[in-house]
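User: I'd like to go through this one label by label and see what each label rests on. Can you start from the definition whenever a label needs one?

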Amino acid sequence: MTVEPGAILSESVLQKIEAEAGKYPTRRAAVKSALRYAQAEHGWINEDVVSAVAEVLNLERIEVFEVATFYDMFYTRPVGRFPVRVCTNVSCLLRGADGIMDSLCERLDVEAGETTADGRFTVFPAECLGACGGAPMMSVADDYHENLSAEDLDAILERYR
Amino acid sequence: MSPICEIRVCLPPEGVDSPWTLASYRERGGYQAWERVLRNQTPREEIIETIKSSGLRGRGGAGFPTGLKLSFMPRDGVGQKYIVCNSDESEPGTFKDRDILRFNPHQVIEGMALAGYAIGATVGFNYIRGEYYEPWQRFEAALAEAREAGLLGDDLMESGIAFELHSQRGAGAYICGEETALLESLEGKKGQPRFKPPFPAQVGAFGKPTTVNNTETLASIPPIVRNGPDWFAKIGVENSGGTKIYSVSGHVNRPGNYEVPMGIPFRDLLVLAGGVQEGRALKAVIPGGSSVPVVPADTIMECTMDYDGLAQAGSALGAGSVIVMDETTCMVEVLERISYFYFVESCGQCTPCREGTGWLYRMIKRIRSGAGTDEDLDRLKSVADRIEGRTICALGDAVAWPVQSFLKHFRHEFEAMIPSREAA
């Protein structure tokens, strides 16, 4: 299946992919960035995105698809506009991550891995996000929120609309 | 007793306003070393010798002597070579490189320029874990400033020397912190470790000779070149030069990064971090990130925090990621969580790791749920022993060491959860 990349990816995404590809001796090296740019516009990576990225970077579709499925930050199914990742690894566990996870799911009325009814958030239990000095912590979209207590959650979530 | 003080070499001094800017970095001597090298065309060998005699060892976990690693690169000038910075910090308990990138990005750039020059690389890549958005932004802003100031690019200061530097963001995969997995990922592939040999110094990024160093390692280089190797070596102890950033987390009053001389006694580090929370007793410490063997309280309290000191205690310095656990900690729960981590992060390439991590996790989970059997404890050890040393990369060892050490020191906690034992 070939697609016309311009029909799937915006001009701005295509330009950013070219800029990234220019850094490396191979176009393939730009694949993670390309998927990231495309995902930022589409919300998730569907088959058309995979095909378009493959076309742009002169790759086989499987070479793009295997990258899209290998890395946690790529979503190959629809997710909320603001993915929430609650670290549940050791340092956060020792400082109450379970309680944060439970309160968050209760407030948003979801189970871990589910998306809120309004499509704003998907809650993921996460592996260590490298902010153990601020445990317990979570990320919402690109932002880290550290030293959490259950009482903070409403105010934080309010910022993402 | 004299107060225990931080000595900041890789982190900027405390209380400095916007320490991540070029102006601020310059104020504390930043880029003097790089400009001197550009001006004098310092022989490459001289820089490598300086790093060798500083005693700097890799801060990413393995502790390999940095100068020696740089010297493995082919000396003949032909063909492209690369310097790669490993900022894919993902080992549970580790959060030092995040702060170096956020607060001192120019020192990483200068370190990469110096190391790149020393090995004859004109291009560098900093691979930053995908979740580190703010650190990546800071690093990108610093790159723009450095280019603007003529510190990166072609024919720098009319020396004929070129050095260009790019960042690449990861996308969420622990395994990409392994240097050959990182290179695969940098090339746009799945992050599956490569079989060695060939080593990266022969066949690295894009098939070219490459040196991969950790962020903290590279950030240590500018002050070493500026102040001399003896200055750095004297800060540390025999066999471990310089300062180390210890990331202290878990049950302490003041979790955070503390940059202190190598070889600080653990008890002093614990004081710096405010002591154990709520005045509780210390139970155990994982001193180098979740993969290294756990050390019981009595042993760690007598231990110094350097490569040799922790090896004597049966553990390892790793990345200096110190996870502190107090007397209320359930060691079975902690091991279950660690085992789950390696289970989900195994890249799936080697059978012992791909299958064994799942067996370990499921057995520990079963024990904690109260459905464990007498045989499970020996089976855990036997599975761990059969993963260790039988995989392409060190993730296999990282899986085995926690299981072996938790069972060695805290076997009674596991036994207490097995119903047949309880009745006996």
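Analyst: Sure. A salt bridge here is a side-chain nitrogen of Lys or Arg within 4 Å of a carboxyl oxygen of Asp or Glu. Keep in mind that this is a predicted model.

User: What makes Arg98(B) and Glu146(A) a salt bridge?

Analyst: Their side chains meet at 2.7 Å, N to O. The cut-off is 4 Å for an Arg nitrogen and a Glu carboxyl oxygen, so the pair qualifies.

User: How many salt bridges does the rule find across the interface of chain B and chain A?

Analyst: It finds 3. Polar contacts come to 21 residue pairs between chain B and chain A, both residues at pLDDT 80 or more. On the side of chain B that touches chain A, α14(B) gives the most, with 8 residues. By class, that side has 24 nonpolar, 19 polar and 11 charged residues.

User: How much area is buried between the two chains, and which residues of chain B supply the most?

Analyst: About 3700 Å² is buried between chain B and chain A, with carbon and sulfur atoms giving 56% of it. Ala171(B), Lys190(B) and Arg337(B) supply 17% of the area that chain B buries against chain A, more than any other three residues. As for who takes part, the contact has 54 residues from chain B and 36 residues from chain A.

User: Why is Cys105(A) in no disulfide?

Analyst: The closest cysteine sulfur, in Cys87(A), is 15 Å away, and the cut-off is 2.5 Å, so that is too far for a bond. Over all chains, the structure holds 0 disulfides. In chain B, Cys10(B) has its nearest cysteine sulfur, that of Cys85(B), 11 Å away and is in no disulfide either.

User: Why are Cys105(A) and Cys10(B) called buried?

Analyst: Buried means under 20% relative accessible area. Cys105(A) has 13%, so it counts as buried. Cys10(B) has 1%, so it counts as buried too.

User: Is Glu216(B) buried or exposed, and how do you know?

Analyst: Buried: its relative accessibility is 0%, which is under the 20% cut-off. Glu216(B) lies in helix α9 of chain B, residues 215–227. Leaving aside neighbours within four places in sequence, its contacts include Cys10(B), Arg59(B), Asp97(B) and Lys244(B).

User: What makes Glu216(B) and Lys244(B) a polar contact?

Analyst: The two side chains come to 2.7 Å. The cut-off for a pair of N or O atoms is 3.5 Å, so the label fits.

Technical notes. Residues numbered from 1 in each chain as written. Chains lettered and ligands numbered in written order. Predicted model: local features only at pLDDT ≥ 70, side-chain atom pairs only at ≥ 80, totals over all residues. Heavy atoms only, no water. Contact = heavy atoms within 4.5 Å. Buried area = accessible area lost by both parts, 1.4 Å probe. Polar contact = N/O pair within 3.5 Å; in protein donor to acceptor, adjacent residues only side chain to side chain. Helix = DSSP H or I, 4+ residues; strand = E, 2+ residues; numbered from the N terminus. Nonpolar A, V, L, I, M, F, W, Y, C, P; charged D, E, K, R; others polar. Buried < 20%, exposed > 50% of the residue type's maximum accessible area, 1.4 Å probe, protein only.
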